[in-house]
Amino acid sequence: MITGPARPLPLDTRKSANAQFRADVLRGLRAPAKRLPCKYFYDEAGSELFERITELDEYYLTRTELAIMERHGREMAGLLGRGCMLIEYGSGSSTKTRLLLGQARDIAAYVPVDLSGEHLYRAAQALAEEYPNIEVLPLCADFARRLALPGSRSRPARRVVYFPGSTIGNFTPGRAVRLLRLTAELCGPGGGLLLGAELQKDLAVLDAAYNDRQGVTAAFNRNILVRINRELGADFDVGQFAHRAFYNAAAGRIEMHLVSQRKQQVHVGDAEILFAAGESIRTEYSYKYTSSDLRDLALAAGFEMEKVWMDERKYFGVYYFRVVGGE
Ligand code: AVJ
């Protein structure tokens, strides 16, 4: 049963989401080194392009994580325990989550958190129908900010955050610790974190995953400009920005950029942004952490590592952490 607001957002909430988007875009484009927040990739078209990326030969990440979930979902669900409230960051269509929900008979409540309201409520409706014993409480919010959890019918025995998809990699180490600290606070004593993260690997493998032959990743990258044009009344000539992705070994991250092919002026509403030829907008960081990096990040935030599951090639890890000082 859905007890959350399974209806379109009120108009004022929509307006403020658009105002937030505009403010974030302008702040990023006015910075000395231009950047855009990667959370804005996922409008309807962007989410579809990302789905297509996950099906590419070069992009092993999603299918590797899914295989780990398929293989060990039952054990993971067992760790959640009875009467748990499971909170998911960036839930999308909750494909991986089904491998947990289907294995755990006694999860009390599931709180999918996503920025994209319409998609979230649609997915929540479907889940509520599939799992009638689980209370589904969708929360349209940015999980990187402090969350106000919806109340559930029964008091949860523990709260566990599920943060799959290696989205943690989109945060710099400092921001990742901050996010995990908020998470430890949100879960409280006895709480847990089930985190899926891509691991360090061969450079050529990484490079190919972000420079696929079909150019789907390039289209995904450029789509953020298409979205800005549509939602913020901008006039980006999208064809004049080239996709560039590379592994920055010193920083341990993939970087995606959009490189201006010539000197040009772009308007975002009333604002005017100048681009030099060759100037780039950084659109994404995707850090590839090691297990020991992840252990340290989590420890700095108040979590201790309890269990890890990996694929044979050690391309991807799913980690279970517990709040330090909990039961
Ligand atoms: C969804 C954040 C895991 O960093 O690999 C895919 C998004 N960017 N191709 C990633 C993405 C380029 C992705 N995550």
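This report describes charged contacts, cysteines and backbone features in a predicted model.

The structure is a predicted model in which local features need pLDDT of at least 70 and side-chain atom pairs count only at pLDDT 80 or more, while totals for chains, interfaces and linings use all residues. Residues are numbered from 1 along each chain as its sequence is written, and side-chain values use heavy atoms, with hydrogens and water left out.

**Salt bridges**

With a salt bridge taken as a side-chain nitrogen of Lys or Arg within 4 Å of a carboxyl oxygen of Asp or Glu, the count comes to 19 salt bridges. Three of these pairs are set out below, with helices (H or I, at least four residues) and strands (E, at least two) being DSSP runs numbered from the N terminus.

| Pair | Closest N to O distance |
|---|---|
| R71 and E312 | 3.0 Å |
| E130 and R98 | 2.8 Å |
| E306 and R322 | 2.7 Å |

R71 forms a salt bridge with E312; because R71 lies in helix α3 (residues 61-80) and E312 in the loop between β12 (303-310) and β13 (316-323), the pair ties together parts that are 241 residues apart in sequence. Both R71 and E312 are exposed, where exposed means over 50% relative accessible area, buried under 20% and partly exposed in between (1.4 Å probe, protein chains only).

E130 and R98 meet through their side chains in a salt bridge, and this pair links distant parts of the chain, with E130 in helix α5 (residues 117-130) and R98 in helix α4 (residues 95-101), 32 residues apart. E130 is partly exposed, with a relative accessible area of 42%, and R98 is likewise partly exposed, with a value of 25%.

The salt bridge between E306 and R322 joins strand β12, which holds E306, to strand β13, which holds R322, so that parts 16 residues apart in sequence are tied together. E306 counts as partly exposed at 40% relative accessibility, whereas R322 is buried at 17%. In addition, D43, R227, R230 and E231 are joined into one network by salt bridges that share partners.

**A negative surface patch**

E44, E48, E51, E55 and E118 gather on the surface in a patch of negative charge, a patch being made of residues with over 30% relative accessible area and no salt bridge, with like charges joined within 9 Å and nonpolar side chains (Val, Leu, Ile, Met, Phe, Trp, Tyr) within 5 Å. Helix α2 (residues 44-54) supplies the largest share of this patch, three residues. E48 lies in helix α2 and is exposed, with a relative accessible area of 53%.

**Cysteines**

A search of the whole structure finds zero disulfides, a disulfide being a pair of cysteine sulfur atoms within 2.5 Å. The sulfur of C140 is 17 Å from the closest cysteine sulfur, in C38, and is therefore too far for a bond; C140 counts as partly exposed at 27% relative accessibility. For C187 the closest cysteine sulfur, in C84, is 8.9 Å away, which is also too far for a bond, and C187 counts as buried at 3% relative accessibility.

**Positive phi angles**

S166 has a positive phi of about 65° although it is not a glycine. S166 lies in the loop between β5 (158-163) and α6 (173-187) and is buried, with a relative accessible area of 5%. K314, not a glycine either, has a positive phi of about 60°; the place of K314 is in the loop between β12 and β13, and K314 is exposed, with a relative accessible area of 53%.

Methods
Areas by Shrake-Rupley, 256 points an atom, 1.4 Å probe, with all protein chains shown as cover. Lys, Arg positive; Asp, Glu negative; His and termini not counted. Charge placed at Lys NZ, Arg CZ, Asp CG, Glu CD.
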